[in-house]
Amino acid sequence: MKYMGDSDWWNARFRHRELNIMGHEKSLEDDIGFFPKKGPILDIACGDGRNTIYLARLGYEVLAIDFCEEALKRLNYFAEKESLKIKTRLLDLSKEESFTGLNNMEAVVINHYRLKPQFYTNLMNSLNTGGILWVNGFSEVPADHPNINESDILKESDFVFLDSNKLEHINRYSINQRKFLRGIWKK
């Protein structure tokens with residue numbers, strides 16, 4: 001079974017999920033002080049928008065991208081219900097050209113998705129000077145989550161293409177038995 005890069009798996013999952021938005025990522029809330037106070041944010045692999053909704057509620061204009069049509073339908077429903085300023089776009093996240101033309105962002109958020117390392121250069125080009133890249137995800141395969149495999153795990157070596165940017169913060173942390181890696185870079 002493919003997990004992170006399998007849109008059929010995700011479409012089925014979101015199609016059968018109750019129509020409630022999950023809570024946002026707590027570590028995103030912890031790190032919001034690193035973000036510019038306003039401006040457009042790109043949320044990559046947004047799913048049905050738990051972090052997108054959180055950021056929009058704070059007043060950010062969010063462009064949310066994902067490869068899962070069902071997730072984006074749900075996100076559009078949640079955004080409309082709260083009259084939030086959110087745009088969505090269905091994109092194939094495995095193709096580098098998906099990350100071109102996404103300009104003038106103040107921040108990029110990637111939560112629980114392992115982007116191909118070579119894509120970070122185009123992604124950083126989408127940020128304004130002083131913009132923030134925030135990445136968070138599993139750093140080890142969790143024993144209690146059979147759908148996650150080694151190819152989904154963030155590694156510090158994934159970020160080699162970010163060397164010309166300022167590393168603001170990196171954190172390895174645990175929640176119960178699950179291990180995570182979180183990094184923040186400034187352009």
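Is Asp92 buried, partly exposed or exposed, and what is its relative accessibility? Asp92 counts as partly exposed, at 31% relative accessibility, where buried denotes under 20% relative accessible area, exposed over 50%, and partly exposed the range in between (1.4 Å probe, protein chains only). The model is a predicted one, in which local features need pLDDT of at least 70 and side-chain atom pairs count only at pLDDT 80 or more, whereas totals for chains, interfaces and linings use all residues. Residues are numbered from 1 along each chain as its sequence is written, and side-chain values use heavy atoms, with hydrogens and water left out.

Salt bridges were assigned where a side-chain nitrogen of Lys or Arg lies within 4 Å of a carboxyl oxygen of Asp or Glu. A search of the whole structure yields 14 such pairs. Asp92 takes part in one with Lys95, for which the closest N and O atoms are 3.8 Å apart. Lys95 is likewise partly exposed, its relative accessible area being 41%. In the salt bridge between Arg182 and Asp31, the closest N and O atoms are 2.5 Å apart. Because Arg182 belongs to strand β7 (residues 178-186) and Asp31 to helix α2, this pair ties together parts that are 151 residues apart in sequence; helices (H or I, at least four residues) and strands (E, at least two) are DSSP runs, numbered from the N terminus. Both partners are buried, Arg182 with a relative accessible area of 6% and Asp31 with one of 4%. A further contribution of Arg182 involves an aromatic ring: Arg182 lies over the face of Tyr173, at 4.9 Å from the ring centre. The criterion for such a placement is NZ of Lys or CZ of Arg within 6 Å of the ring centre and within 35 degrees of the ring normal. In addition, a network of salt bridges links Arg15, Glu70 and Lys73.

Helix α3 (residues 50-57) has seven of its eight residues buried and is therefore largely enclosed by the rest of the structure. The buried positions are Arg50, Asn51, Thr52, Ile53, Tyr54, Leu55 and Ala56. These residues pack against α2 (26-31), β1 (40-44), β2 (61-66), α4 (69-82), β3 (86-90) and β4 (105-111), contact being defined by heavy atoms within 4.5 Å. Arg57 of this helix forms a salt bridge with Glu82, with the closest N and O atoms 2.5 Å apart. Glu82 lies in helix α4 and Arg57 in helix α3, so the pair ties together parts that are 25 residues apart in sequence. Glu82 is partly exposed, with a relative accessible area of 35%. Following α3 is Gly59, whose phi is positive, near 105°.

Aromatic pairing was assessed for the rings of Phe, Tyr and Trp (its six-membered ring) with centres within 6.5 Å; planes under 30 degrees apart count as stacked, over 60 as edge-to-face and the rest as tilted. The structure contains eight aromatic pairs. The ring centres of Trp9 and Trp10 are 4.7 Å apart and the planes stand at 85°, so the pair is edge-to-face. Trp9 is buried at a relative accessible area of 16%, and Trp10 is buried at 15% relative accessibility. Ring pairs join Trp9, Trp10 and Phe14 into a cluster.

With a disulfide defined as a pair of cysteine sulfur atoms within 2.5 Å, the count is zero. Cys46 is in no disulfide, the nearest cysteine sulfur being that of Cys68, 9.0 Å away. Cys46 is buried at 7% relative accessibility, and Cys68 is buried at 0%.
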